[in-house]
Each structure stands twice: as structure tokens, then as C-alpha cells.
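Trainee: I'm new to this one. Could you take a close look at its aromatic residues with me and talk me through how they sit together?

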Amino acid sequence: MNAVAYEDVHVDFTQEEWALLDPSQKSLYRDVMRDTYRNLTAIGYTWEDHNIEDHCQSSRRHER
């Protein structure tokens, strides 16, 4: 069995896709991705190749 990679669990919406989501879907996305970051960290995923703050910011940039 192969190891799970960040790219296997990350979902990135285009601005057009994000605009189609209702507020509850956007909130669910943010909650799920936050849990995903925590879970990957808990199993030893190293974020040296990924800036966690950038990923959080990319999720939030669509909130506008």
C-alpha cells in the first residue's frame, strides 16, 4: 500500500467553482481541510515542502 500524500487529499477550487458553492459548502470545505492538515500532521506528514499557512490562505482567498 502506498503512503498518502497531501496531493491525494487536497481539493483546490477555481474562483468560478468557489462562487457556485453556498456558504455551508464553503464552511464544510474549510473544516474538512483544516482537519486534513491536522490528521496528516498527526501521522507524521512533514510540511517542509508545503507551507501550511499558504494552503490555509488559498482556502480563505475564495471567501471574498
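Mentor: Sure, here is a walk through the aromatic rings, with a bit of background on the fold to start. Keep in mind that this is a predicted model. The protein has four helices and zero strands, so from the N terminus on you just read α-α-α-α. Of its 64 residues, 25% count as buried.

Now for the rings. Searching the whole structure turns up three aromatic pairs. One of them joins phenylalanine 13 to tryptophan 18, with 5.7 Å from centre to centre and 55° between the planes. That makes the pair tilted, because only planes over 60 degrees apart count as edge-to-face and those under 30 as stacked. The two partners are covered to different degrees: phenylalanine 13 is partly exposed, at a relative accessible area of 21%, whereas tryptophan 18 has 2% and counts as buried. The cut-off for buried is under 20%.

Tryptophan 18 also pairs with tyrosine 29. Here the ring centres are 5.4 Å apart and the planes meet at 75°, so this pair is edge-to-face. It links distant parts of the chain: tryptophan 18 belongs to helix 2 (residues 15-20) and tyrosine 29 to helix 3 (residues 23-42), eleven residues apart. Both tryptophan 18 and tyrosine 29 are buried.

Put it together and you get one aromatic cluster made of Phe13, Trp18 and Tyr29.

Key. Residues numbered from 1 in each chain as written. Predicted model: local features only at pLDDT ≥ 70, side-chain atom pairs only at ≥ 80, totals over all residues. Heavy atoms only, no water. Phe/Tyr/Trp six-rings, centres within 6.5 Å; stacked < 30°, edge-to-face > 60°. Buried < 20%, exposed > 50% of the residue type's maximum accessible area, 1.4 Å probe, protein only. Helix = DSSP H or I, 4+ residues; strand = E, 2+ residues; numbered from the N terminus.
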